[in-house]
Amino acid sequence: MSVHIAAKPGEIAKQILMPGDPLRAKYIADNYLQNAQLVSSTRNIYFYTGNYKGQQISVGASGMGCPSIGIYSYELYTEYEVDSIIRIGTCGAYTADLKLFDIINVDNAYSESSFALYAWGFDENRMPHQGKAFDKINLTSQQNKQALLAASIHSSDIFYRKNWDIPVIAKDNNCVAVEMEAFSLFANARHLQKTAACLLTVSDVIPTGEKISADQREKALHPMIELALESSLV
Ligand code: HPA
């Protein structure tokens, strides 16, 4: 049991899939894992552990934003001996070259966030993915002939803002999309020498205003969920 996770030691697998939304964690557990058990529901942030193709995997929510995923990922790595966290989220595309439902494997997360500096003394606005999960995801997508773009993204602390122009950090560093969590996940994994990757499905295209509708959302995420599960098999 850690401060924010009620699971007992041993109840969480070494490999974790981490959506932002607790109900998406439940959906993945219900639809993809065998014998899934709810192992934590503190703050209604659900964690489930079950089997996928004979391997134990956990799926649990991060909540929204760098501070939230910073807490859960740190406790998972340090108190549950988790090796690898694959975040599976949605993003807003900064370019109309990306289409709704495209999937991105994040190679670098750029952020204005002070998280990495004040937590671990990393004085950089770029955090790379950590460990081998990124390569395994690329390989798995090639084997399954599934389209996947490896690219840099912007991890922003801001969802709503006054002027909608692409932020300078994103323009300067060719960030193709925006989300809100990868930077602190990668910073924690880097500090702790653990594995972290981030897959993102494009849920909105900011320049055109296109969006995945609420009822498309569940189905839209299947290819990303399957890719993350297959890539978690060791
Ligand atoms: N901003 C931040 N995070 C997001 C967005 C966005 O526009 N869309 C999906 N996740």
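**Exercise 1.** In this predicted model, determine which strands each supply at least two residues of the lining of the largest pocket, and which one contributes the largest share.

*Solution.* Step 1: the strands that each supply at least two lining residues are β5, β9 and β10. Step 2: β5 provides the largest share, six residues. Step 3: the pocket has a volume of about 790 Å³. Of its 29 lining residues, those closest to the centre are Thr-90, Phe-159, Met-180, Ser-203 and Asp-204. Step 4: sorted by class, the lining comprises twelve nonpolar, eight polar and nine charged residues.

**Exercise 2.** State where the ligand sits, and identify which residues surround the ligand.

*Solution.* Step 1: the largest pocket holds the ligand. Step 2: the surrounding residues are Thr-90, Cys-91, Gly-92, Phe-159, Val-178, Glu-179, Met-180, Ser-203, Asp-204 and Ile-206. Step 3: β5 (84-93) gives the most to this shell, three residues. Step 4: by class, the shell has five nonpolar, three polar and two charged residues.

**Exercise 3.** Find the distances that separate nitrogen atoms of the ligand from N or O atoms of Thr-90, Gly-92 and Asp-204.

*Solution.* Step 1: for the backbone of Thr-90, the distance is 3.4 Å. Step 2: for the backbone of Gly-92, it is 3.3 Å. Step 3: for the side chain of Asp-204, it is 3.1 Å. Step 4: the ligand taken alone exposes 260 Å², of which the protein buries 87%.

**Exercise 4.** Describe the volume of the second largest pocket and the classes of its lining residues.

*Solution.* Step 1: the volume is about 160 Å³. Step 2: the lining divides into four nonpolar, five polar and two charged residues. Step 3: β5 and α4 (133-143) each supply at least two of the lining residues.

Methods:
Residues are numbered from 1 along each chain as its sequence is written. This is a predicted model: local features need pLDDT of at least 70, side-chain atom pairs count only at pLDDT 80 or more; totals for chains, interfaces and linings use all residues. Side-chain values use heavy atoms; hydrogens and water are left out. A residue is near a molecule or strand if one of its heavy atoms lies within 4 Å of it. A polar contact is a pair of N or O atoms within 3.5 Å; within protein, one must be able to donate a hydrogen and the other to accept it, and residues adjacent in sequence count only if both atoms are side-chain atoms. Accessible areas come from the Shrake-Rupley method with a 1.4 Å probe; for residues, only the protein chains shown count as cover. On a 1 Å grid over the protein atoms alone, a cavity is a set of points where a 1.4 Å probe fits but cannot get out, and a pocket is an open set with protein on both sides within 12 Å along at least five of seven lines; lining residues have an atom within 4 Å of a point. A molecule sits in a cavity or pocket if more than half of its atoms lie within 2 Å of its grid points. Helices (H or I, at least four residues) and strands (E, at least two) are DSSP runs, numbered from the N terminus. Ala, Val, Leu, Ile, Met, Phe, Trp, Tyr, Cys and Pro count as nonpolar, Asp, Glu, Lys and Arg as charged, and the others, Gly among them, as polar. Grid points are joined across faces, edges and corners, and a volume is the space filled by probe spheres set on the points.
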